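These are my notebook entries on a sheet, one acidic residue and two loop positions. The structure under study is shown here.

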Amino acid sequence: QVQLVEVGGGAVQAGGSLRLSCAASGRSLSGYSIGWFHQAPGKEREFVASVLWNGGGIRYGDFVEGRFTISRDNDNKLVTLTMNSLKSEDTGVYLCAAQFGYTGPNNFRYWGQGTQVTVSS
């Protein structure tokens, strides 16, 4: 099993930026594809971004609208979500998810507990 930990959440003014990171406790993320998901208060969880185990195949959800960037550092075994031009609708919990290799966009099996992002106007 993979225990994922997200860090970097916090409070920011609208238009500002945050950088979230995802890592596995006690092991590297080598071989794992990683996805980021957003759950706003009272709403369904939505897809934010994903990257394949090899650093390719990057995809973004519709609400990102070019504002976020996902990247992975193979040396440090870390996946980062850089969020720019944040708006109040981005408020919510951001969760990191992983699957070994990649078998499909709905097959993320391991989930972190999430990190809170609060964007104020």
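I first fixed the accessibility classes: buried means under 20% relative accessible area, exposed over 50%, and partly exposed in between, with a 1.4 Å probe and protein chains only. I note that the model is predicted, that local features need pLDDT of at least 70 and side-chain atom pairs count only at pLDDT 80 or more, while totals for chains, interfaces and linings use all residues. Residues are numbered from 1 along each chain as its sequence is written, and side-chain values use heavy atoms, with hydrogens and water left out.

Entry on two loop residues.
I looked up glutamate 65, which lies in the loop between β6 (59-60) and β7; strands (E, at least two residues) are DSSP runs, numbered from the N terminus. Its phi is near 55 degrees, a positive value in a residue other than glycine. Glutamate 65 counts as exposed because its relative accessibility is 55%. I then turned to serine 85, in the loop between β8 and β9 (92-100). Serine 85 is not a glycine, yet has a positive phi of about 50 degrees. With 44% relative accessibility, serine 85 counts as partly exposed.

Entry on the sheet.
I traced an open sheet of four strands in the order β1-β3-β8-β7, with antiparallel pairing; two strands pair if DSSP finds at least two bridges between them. The edge strands, each pairing on one side only, are β1 (4-7) and β7 (68-73). Four bridges join β1 to β3 (residues 18-24), and leucine 4 has alanine 24 in β3 as its bridge partner. Five bridges link β3 with β8 (residues 78-83), where serine 21 stands opposite threonine 80. Between β7 and β8 I found six bridges; isoleucine 70 is partnered by leucine 81 in β8.

Entry on glutamate 6.
Which side chain of opposite charge is nearest to glutamate 6? It is that of arginine 45, 9.2 Å away, and glutamate 6 is buried yet has no salt bridge. Here Lys and Arg count as positive and Asp and Glu as negative, with His and the chain ends not counted; a salt bridge is a side-chain nitrogen of Lys or Arg within 4 Å of a carboxyl oxygen of Asp or Glu. Glutamate 6 lies in strand β1. A polar atom of its side chain lies 2.7 Å from the backbone nitrogen of cysteine 96, and the backbone nitrogen of glycine 114 lies 2.9 Å from a polar atom of the glutamate 6 side chain. Leaving aside neighbours within four places in sequence, I listed residues in contact with glutamate 6 (heavy atoms within 4.5 Å), among them Ser21, Trp36 and Tyr94.

Note on methods:
Polar contact = N/O pair within 3.5 Å; in protein donor to acceptor, adjacent residues only side chain to side chain.
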